[in-house]
Amino acid sequence: MSRQLDTQLLHTGSPEFDPDTGVAPVNVPTVRTSTVRFASTQAFQEVVRRKRQGERIPSYGRQGMATHYALEDAINLLEDGKHCFLAPSGVAAISLVFLALLEPGDHVLVPDSVYGPVRKLHESVLQRLGIEVEYYPPQPGAAEQRLRNDTRLLYVESPGSLLFEMQDLPALAKAAHERGVVVAADNTWGSGYLYRPLSLGVDISIVSATKYIAGHSDVLMGAVSVRNDELARRIHDTHYALGQTVGADDASLTLRGVRTMPVRLAQHERNLKALLPFLAEHRGVERLWCPAWQQDPGHALWQRDCRGANGLLSITLATDSMAAAERFVNALELFGIGFSWGGYESLVQLLAPEDLAGHSVFTQHRPVVRLHIGLEDPNDLMMDLQQAFAAAGIAQ
Ligand SMILES: Cc1ncc(COP(=O)(O)O)c(C=O)c1O
């Protein structure tokens with residue numbers, strides 16, 4: 001019987017009953033071991049043989065144990081993928097994909113709205129390897145026009161992580177595939193639940209599971225999902241060569257997050273939708289950036305391709321004064337000032353001009369604040385925002 005995704009996410013990895021006692025733990029045990037023992041040299045050789053044929057059997061900690069396998073299976077369910085590679089962070093997962101696919105002389109297209117550390121990957125590693133990175137505006141047709149004979153990878157981040165620009169994944173995948181170009185998407189915003197790039201034609205989906213999947217701001221984790229066996233082989237070889245591995249405790253915490261992600265996301269979305277009209281009407285807000293908002297340029301694509309929203313939005317404040325923007329952020333009581341998002345709590349980040357430098361959609365150059373709407377009561381969050389606008393003296 002095929003069950004709904006929410007049900008499958010709760011039950012995936014459920015340990016088998018002990019054949020002797022008929023008892024099984026509810027949770028997947030956290031298998032903390034760096035290596036395993038084999039009963040005999042024959043058992044050792046047999047495991048090596050079966051692993052060469054592609055079977056997933058524990059043989060050494062770096063390649064994962066049962067806890068890791070359960071998380072890989074859960075992420076495959078989320079992303080509708082066939083192969084999943086765990087990485088110690090979202091950035092490690094992104095780097096893995098670039099390093100697995102690119103060679104000196106290759107050209108890669110990256111959106112100008114890309115998550116900042118990808119620019120660092122370009123400047124500190126890819127440039128040194130002779131890989132050419134070209135940034136494109138995340139606008140319809142812009143990436144397609146820049147595809148070249150030596151383009152090997154079209155990288156997408158949809159929505160962007162600061163201004164939430166939506167990209168047309170099926171159109172991009174079609175154009176790229178006509179030229180034999182692989183498409184990889186950073187799917188951290190959708191976390192495989194709200195958005196499923198592999199089902200929209202993308203070849204590789206990358207997620208920072210640090211955010212909504214783990215969901216409690218207590219673990220760093222990344223994952224790469226693919227369906228294609230040949231791409232999986234290339235990613236596997238680089239994953240192995242780079243020694244990328246994650247601890248069993250972190251895998252276990254992330255798996256715990258998977259179980260409740262659907263209900264958490266639903267509450268983040270409810271809270272976001274309670275706050276959007278308040279913020280849109282507030283005189284302290286010049287513009288909202290959020291694809292779930294009707295007036296956002298990405299709204300139609302969001303409606304077509306996503307099954308919901310999360311707790312993220314940005315606001316351009318109705319002031320030219322960075323000092324007033326700082327007063328606003330400092331006055332907030334329930335929103336912690338910090339990087340990241342996707343945990344249970346509300347967070348705020350006043351974006352520095354350099355964070356938005358290069359974002360072609362950003363032309364107004366007034367202070368922008370990114371908010372992560374957490375699971376607090378939305379009325380409390382609204383009152384907190386209200387008093388912070390008043391304290392900052394923005395558009396009184
Ligand atoms: C869109 C996006 N991708 C990747 C990452 C990196 O994730 P991690 O912190 O797990 O390396 C982040 C983190 O903020 C992000 O916002």
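Two sheets and a ligand shell

Q: In this predicted model, which residue of β12 is the bridge partner of L350?
A: L350 has its bridge partner in β12, and that partner is V369. The two strands concerned, β11 and β12 (residues 368–372), pair in the antiparallel sense over four bridges. The partner of L350 in β12 is therefore V369.

Q: Over how many bridges do β10 and β11 pair?
A: Strand β10 covers residues 336–337 and strand β11 covers residues 347–350. One residue pair that joins them is G336 with L347 in β11. The strands pair in the parallel sense, and the number of bridges is two.

Q: Which are the edge strands of the sheet with the order β8-β9-β12-β11-β10?
A: This is an open sheet of five strands with mixed pairing. An edge strand pairs on one side only, which applies here to β8 (285–289) and β10.

Q: At about what angle does helix α11 run to β11?
A: Helix α11 (residues 322–331) lies across β9, β10, β11 and β12. On the five-strand sheet, helix α9 (residues 248–281) lies across β8 and β9, running at about 150 degrees to β8. For α11 against β11 the angle is about 165 degrees.

Q: By how many degrees are neighbouring strands of the seven-strand sheet turned against each other on average?
A: The seven strands form an open sheet in the order β1-β7-β6-β5-β4-β2-β3, with mixed pairing. Its edge strands are β1 (83–87) and β3, each pairing on one side only. With direction ignored, neighbouring strands of this sheet are turned on average by 20 degrees.

Q: Is the crossover from β4 to β5 right-handed or left-handed?
A: Five bridges join β4 to strand β5 (residues 182–186), and the two run parallel. In β5, A185 is the bridge partner of V156. The chain passes from β4 through helix α7 (residues 169–178) to β5, and this β-α-β crossover is right-handed.

Q: How many of the seven residues of β4 are buried?
A: Strand β4 (residues 151–157) is joined to β5 by five bridges and to β2 (residues 107–111) by three, running parallel to β2. V108 stands opposite L153 in β4. The strand is mostly covered, and the number of its residues that are buried is six.

Q: Which residue of β7 is the bridge partner of S205?
A: Strand β6 (residues 204–208) and strand β7 (residues 222–226) run antiparallel and are joined by five bridges. Helix α3 (residues 66–79) lies across both of them and β1. Helix α4 (residues 90–101) also lies across β6 and β7, among other strands, running at about 40 degrees to β7. The partner of S205 in β7 is S225.

Q: Is Q127 buried or exposed?
A: Q127 is found in the loop between α5 (116–126) and β3 (132–136). Its C-alpha atom is separated by 9.1 Å from that of P104, 23 residues apart along the chain. A residue with 12 or fewer C-beta neighbours within 10 Å counts as exposed. Because Q127 has 12 of them, Q127 is exposed.

Q: How many residues of the shell around the ligand are polar?
A: The ligand is surrounded by 13 residues, and the closest are S89, G90, S161, S208 and T210. Three residues of the shell are nonpolar and two are charged. The number of polar residues is eight.

Notes
Residues are numbered from 1 along each chain as its sequence is written. This is a predicted model: local features need pLDDT of at least 70, side-chain atom pairs count only at pLDDT 80 or more; totals for chains, interfaces and linings use all residues. A residue is near a molecule or strand if its C-beta atom, placed from the backbone, lies within 6 Å of it. Ala, Val, Leu, Ile, Met, Phe, Trp, Tyr, Cys and Pro count as nonpolar, Asp, Glu, Lys and Arg as charged, and the others, Gly among them, as polar. A residue is buried if 20 or more other C-beta atoms lie within 10 Å of its own, exposed if 12 or fewer, and partly exposed in between; C-beta atoms are placed from the backbone. A crossover is right-handed if, with the strands pointing away from the viewer, the path from the first strand over the helix to the second runs clockwise. Axes are lines fitted to C-alpha atoms, for helices over the stretch in contact, and angles run from 0 to 180 degrees between N-to-C directions. Two residues are in contact if their C-beta atoms, placed from the backbone, lie within 7 Å.
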